Amino acid sequence: MKKRKKIKPAMIATYLLLTVLALVVVVPFVWFVSTSFDYVKSYSLRFPPRLIPKEFSTFNYKMAISNVPMLKYLKNTAIIVATSAVLNIITATLAGFTLSKGNFRGKGVILMVILSNMMVPFESKLLPIYSVIRTIGLSNTSLGVVLPSVLTNAMYIFFVKTFCDGLPDDLYEAGRVDGAGILRVYWKIYFPLLTPIIATIVVLDAINVWNDLLWPMVVLTQQDHYTVQIGLQMYNSGASGTTHAGTALALSVISIIPLSTIYIFCQKYIVQSIAFTGMKQ
Amino acid sequence: MKKGARLKRYMSWYRLLLISLVGTLVFNFYPLIETFIASLQNMNGNFIGLTNYKIMFANGEFRQSVVNTLYMAVLGVGFNVPFAFIIASLMNSIGRGKGIYRVIFLLPMVMSMITVVTLFKYLMMPSPDGAFNYILSFWGVQPRLWLNDPGTARESLIFIAIWKGIGYNIILFFAGLQGISPELYEAAEVDGATPLKRWRYITIPCSKGTFTFVLMTSTIAALKRFTEVYAVSGETGNPAGKLGTLMLYIYKNSFSTLNYKDEGQAAAASVTLFVIILAATLLNNYLTKEKSADESASGRRRRVR
């Protein structure tokens, strides 16, 4: 394919248009971060709005840390994300591997039963799921937050199954001939080969779980167990007194630091993971 | 003997699926059936037929929440999906800098909906010193109330939701576009097809798979809209109930600590949501199937000619 060297006016227009659109995304973001470092002597924000603070100040952050137990919220959320990741890896790879390489009666039916999870939205079953979680004593625990989604993660199972379908069957036969049990074959031979799809699942799941509000808010009713998102929502809604705009922005900035850090380093990988979900349709 | 051995072999596979099957039973089948049953019962667990549904459909707040949900879904998906596709096409047509635009458009994904709403609540402050009103004042536009005005609340909310969510769809479309064989474009160029024609007769038909997926996921997500409206006005759905969605109605009637709640109503609304989502999925399936058969046929015909 030969690249055209001439710069056409249409090309310039395209770049211009894309840049304007990119600014629509970037400018609010920059305003958001920079205003969190801007000191204002009121509960509201500075007028007129400015993109660069005149004086760099960490006042809002001091307010945020001293008024809201943000570090505890960060810790709680990190534990939930990690629990979700580990359990998702175990359940998704085990079921995905079995549905791909397994040789047993009723495989099609079982696949349909598991995929039925994708057809019923989690949100339309909130109350009964919560009553199950409460009955088994998991309200206000990280496990209670992750368990219902981890045990119905049909999409991830489907990812693993599709990925596993592309791996050779000979490996399974070879392992069996050597006298290894099914679990051993799964763990020693296939599991290491599943690394790319496991990474995809972890990335997508971490973003979802970190940013989720509704279900964690249902399960976690005590402030000690709040996630970052619940903490933000509570502060913004003025549940703990008046909302200070600068503090609200600083809290929001703190809340996006972990994912932003991952985004900066694994940007390419995240893009691939998202693209992968679309390909599997 | 032989049968027993086979069964034993099957069992060694079945046990690996035990976790997922039990999970499906406990967290999908049971809650689904339980929701259906609860929607036919009163608070004391007595069977009352369709009374919950009758009460619900007569309830102005519920009807408004259905209207709001559908209106915002149509508006949101209607803008988000075509724009995402156009932006992805533009990104695909340039030579250098694709990566930078991709990074920027996906940036809002690291922010939660709560964070994004916080940000826009301040940008869209209803007073003249909000950033939006301030910028628009240069063009002589009168200050608006944005999220606080019943006339513009839903549209403002959709703007916020698109700002956050469009990057994801752009990435999906972009990935699909990169999979289209360059030879198709070259052949069309040789035949003298204009860029617009190439876009219409090659790019669009070749993206139909991605369209189906994006439409489906966007529609389902839009019908379950909760976090953004909750972040704007909590359980109230204000201004004037314009931000009350079906999901908010369900949440309120299930878990509210501030207002009166009714679990029968929540269950009936959950069933309604489930039916709406199912209907939307089937409609999506039907439409994209019809359209894609049609599109690819015409696309093929043009290319052959």
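pLDDT is the predictor's confidence in each residue, on a scale from 0 to 100. The model described here is predicted. In chain B, pLDDT averages 89. A score of at least 70 is reached by 94% of the residues of this chain. Residues 297-305 of chain B fall outside that picture, with pLDDT under 50 throughout. For this stretch the model has 4 contacts beyond four places in sequence.

Two backbone features were noted in loops of chain B. The peptide bond from B:Asn238 to B:Pro239 is cis. Its omega is near 5 degrees. B:Pro239 sits in the loop between α12 (227-233) and α13 (246-255) of chain B. B:Trp146 is not a glycine, yet it has a positive phi of about 50 degrees. The loop that holds B:Trp146 runs between α7 (131-137) and α8 (153-178) of chain B.

Helix packing was examined in chain A. Helix α4 (residues 107-119) of chain A packs against helix α7 (residues 154-165) of chain A. The axes lie 7 Å apart, at an angle of about 130 degrees. Angles over 145 degrees count as roughly antiparallel and those of 65 to 115 as roughly perpendicular, so α4(A) is oblique to α7(A). On the α4(A) side, the contact is made by A:Leu111, A:Ile114, A:Leu115, A:Asn117 and A:Met118. From α7(A) come A:Ala154, A:Met155, A:Ile157, A:Phe158 and A:Lys161. By class, the residues of this contact divide into 8 nonpolar, 1 polar and 1 charged.

Internal space was examined next. Rolling a probe the size of a water molecule over the atoms shows where empty space is left. The structure holds 2 cavities of 30 Å³ or more.

The largest cavity has a volume of about 80 Å³. Chain A lines it with A:Trp31, A:Thr35, A:Asp38, A:Leu45, A:Arg46, A:Pro49 and A:Arg50. Chain B adds B:Tyr122, B:Met125, B:Asp129, B:Gly130 and B:Ala131 to the lining of the largest cavity. This lining divides into 6 nonpolar, 2 polar and 4 charged residues.

The second largest cavity contains about 30 Å³ of space. A:Ser124 is part of its lining. From chain B, the lining takes B:Leu32, B:Thr35, B:Phe36, B:Ser270, B:Val271 and B:Phe274. Two elements give two or more residues to the lining of the second largest cavity: α2 (18-38) and α14 (263-304) of chain B. Of the lining residues, 4 are nonpolar, 3 are polar and none is charged. The lining of the largest cavity, by contrast, includes 4 charged residues.

Technical notes. Residues numbered from 1 in each chain as written. Chains lettered and ligands numbered in written order. Predicted model: local features only at pLDDT ≥ 70, side-chain atom pairs only at ≥ 80, totals over all residues. Heavy atoms only, no water. Axes fitted to C-alpha atoms, helices over the stretch in contact; angles between N-to-C directions. Helix = DSSP H or I, 4+ residues; strand = E, 2+ residues; numbered from the N terminus. Parallel < 35°, antiparallel > 145°, perpendicular 65-115°, else oblique. Contact = heavy atoms within 4.5 Å. Nonpolar A, V, L, I, M, F, W, Y, C, P; charged D, E, K, R; others polar. 1 Å grid on protein atoms, 1.4 Å probe; cavity = no way out; pocket = protein on both sides within 12 Å on 5 of 7 lines; lining within 4 Å. Points joined across faces, edges and corners; volume = space filled by probe spheres on them.
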